[in-house]
Amino acid sequence: MFSRCVSSPFHTSRIPSSLTSTAARHCRSSGLNSRVDGRRYISAYGYIQAKALVYSKYGEPKDVLKLHKHSVSAPNGTQVNLRLIAAPLNPADVNQIQGVYPSKPLFETTLGTPEPSAIGGNEGAFEVIGTGSEVKDLTKGDWVIMKRTGQGTWRTHAQMDESQLIKIEDQTGLSPLQVSTVSVNPVTAYRMIKDFCDWDWMRAGEEWLIQNGANSGVGRAAIQLGREWGIKTINVVRERNTPEETEALKQELKDLGANVVVTESELLSGEFKNIVKEVTKQGKEPIRLALNCVGGKNATALAKVLAPGSHMVTYGAMSKQPVALPSGLLIFKNLVFDGFWVSRWGDKNPQLKENTIKDILQLTRAGKFKDIPVEEAKWSWDTEGYELATAAQGTLSGYRGGKGLLTFVD
Ligand SMILES: NC(=O)c1ccc[n+]([C@@H]2O[C@H](COP(=O)([O-])OP(=O)(O)OC[C@H]3O[C@@H](n4cnc5c(N)ncnc54)[C@H](OP(=O)(O)O)[C@@H]3O)[C@@H](O)[C@H]2O)c1
């Protein structure tokens with residue numbers, strides 16, 4: 001199992017305990033509050049103090065993300081009150097804050113922010129801490145994830161309608177990390193492998209997929225699903241700072257089940273064709289699918305080794321370079337180039353998304369789906385906004401020890 005957890009060196013500095021919302025101020029002045037930890041209050045009316053990482057304009061996370069303190073009222077009807085367990089810092093979250101992501105967040109004043117603001121984050125695991133009288137399927141202590149992206153997960157607490165949530169039916173054997181990161185990356189890998197290629201299941205172990213960004217969350221999921229489903233994988237990563245680190249990364253992916261791991265320079269070298277010929281037994285074992293999250297020359301090189309009639313699915317653009325395709329690949333090999341966006345797919349296929357998540361969690365419980373390495377950023381009541389914004393800023397800096405993960409430690 002490969003799991004690494006590095007805590008960010010967050011300083012602890014005290015945040016004044018004054019409440020910001022009118023309702024919460026009312027509760028304090030009426031003397032109806034109870035002190036819970038020397039700093040925070042829960043009102044006799046059930047108001048909870050909460051914080052959210054919000055932005056009111058697009059820009060770099062370090063410049064625009066602010067911590068906003070507010071309160072959450074007791075749940076009514078089908079409403080559910082939630083407490084954050086963990087939420088990842090995904091590249092798409094940062095692109096959304098930068099304003100360069102196609103799905104735009106809602107800028108609202110519902111949390112009492114001085115300006116209309118959006119809450120960062122698109123996925124995460126939450127614990128149910130309160131339910132309205134008409135809530136049917138959730139009770140205190142249940143773990144839930146968001147049904148759709150775009151609901152804002154970088155917040156200590158939330159109030160949502162039951163219909164917006166997916167219940168994790170059985171928490172046994174699952175960790176906060178696994179649940180909080182299940183709905184985007186593993187689902188993306190799962191659907192791209194299943195939905196874009198008619199695998200010949202009679203040839204299990206004799207067909208291949210090739211992918212770049214292979215050490216990403218999506219890439220690691222694709223390796224493990226390929227291993228489970230009898231699809232061999234050629235995986236491309238970027239060189240690390242030293243040959244030893246590169247070898248260690250290659251080994252890490254092989255331990256997950258990767259059959260071949262090459263660096264980007266090896267992919268772009270003249271030698272790559274020979275490597276492919278050898279491992280695919282002179283092409284008798286076809287490479288039928290390419291997964292591309294990088295673009296540029298890297299993507300072109302993946303396309304060149306695909307068998308005739310195969311698909312390349314582009315789902316990311318980490319190099320910010322366009323995908324350039326030699327015409328011959330289209331004319332003589334009849335390759336098909338598709339794109340995939342899990343947000344749109346999930347909105348169109350909500351039940352299939354839930355089933356996919358269940359399937360992945362089942363593999364996780366069975367020990368067949370290993371943890372991604374993470375850089376944990378602990379979020380306590382005293383954590384300053386700039387500390388969280390810095391953790392978010394690091395998401396696109398490259399060569400990270402792992403994916404950023406906010407964990408709420410109230
Ligand atoms: N379309 C969809 O539905 C969908 C869903 C999920 C994710 N995505 C996209 O998939 C990609 C991976 O997401 P993730 O959450 O799995 O990422 P992640 O775990 O945070 O990993 C980021 C990956 O991108 C690589 N990378 C960063 N900058 C690069 C560059 N300039 N050239 C080549 N590789 C670079 C990193 O390699 P190093 O370790 O070498 O830095 C790493 O493999 C992102 O582009 C994300 O937006 C798309």
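This is a tutorial dialogue on reading the fold, one helix, one buried residue and the ligand shell of a predicted model.

Student: Where should I begin with the chain as a whole, and how many helices and strands does it have?

Tutor: Begin with the secondary structure, which in this predicted model comes to 14 helices and 19 strands. Then consider burial, for which 42% of the 410 residues qualify, and the reach of the contacts: among those between residues at least 6 apart in sequence, 73% join residues at least 24 apart.

Student: How do I read a single helix, for instance α13, and what length does it reach?

Tutor: One compares the span of the helix with the span expected at 1.5 Å a residue; α13, residues 350–365, has 16 residues and reaches 23 Å from its first C-alpha to its last, close to the expected 22 Å. After the helix comes Gly-367, whose phi is positive, near 75°.

Student: Which residues of α13 are buried, and why do they line one face of the helix?

Tutor: The buried residues are Lys-353, Thr-356, Ile-357, Ile-360, Leu-361 and Thr-364. Seen down the axis of α13, these buried residues fall within an arc of 135°, and therefore they line one face of the helix. On the other side of α13, Gln-351 and Asn-355 are exposed.

Student: What do the buried residues of α13 pack against?

Tutor: Their partners are β11 (165–167), α4 (176–180), α5 and α12 (342–348).

Student: Since α4 is among those partners, let us take Leu-177, which lies in that helix; is Leu-177 buried or exposed?

Tutor: Burial is judged by counting neighbouring C-beta atoms, with 20 or more within 10 Å as the cut-off; Leu-177 has 23 others within 10 Å and is therefore buried. Leaving aside neighbours within four places in sequence, Leu-177 is in contact with Ala-86, Asp-371, Val-374 and Leu-405. The C-alpha atoms of Leu-177 and Thr-407 are separated by 8.8 Å, although the two residues are 230 apart along the chain.

Student: Turning to the ligand, which residues come nearest, and which helices supply its shell?

Tutor: For a ligand, one asks which residues surround it and from which elements they come. Of the 24 residues around the ligand here, Ser-216, Gly-217, Arg-238, Gly-316 and Val-342 come nearest. Helices α3 (91–98), α5 (185–195) and α6 (217–229) each supply at least two residues of the shell, while domain 1 (17–181 + 372–409) and domain 2 (186–344) each contribute at least three.

Student: How many residues of that shell are nonpolar, polar and charged?

Tutor: By class, the shell has 12 nonpolar, 10 polar and two charged residues.

Conventions. Residues numbered from 1 in each chain as written. Predicted model: local features only at pLDDT ≥ 70, side-chain atom pairs only at ≥ 80, totals over all residues. Near = placed C-beta within 6 Å. Helix = DSSP H or I, 4+ residues; strand = E, 2+ residues; numbered from the N terminus. Nonpolar A, V, L, I, M, F, W, Y, C, P; charged D, E, K, R; others polar. Domains from an automatic or database assignment. Expected span 1.5 Å × (residues − 1). Buried ≥ 20, exposed ≤ 12 C-beta atoms within 10 Å, placed from the backbone. Arc of directions from axis to C-beta. Contact = placed C-beta atoms within 7 Å.
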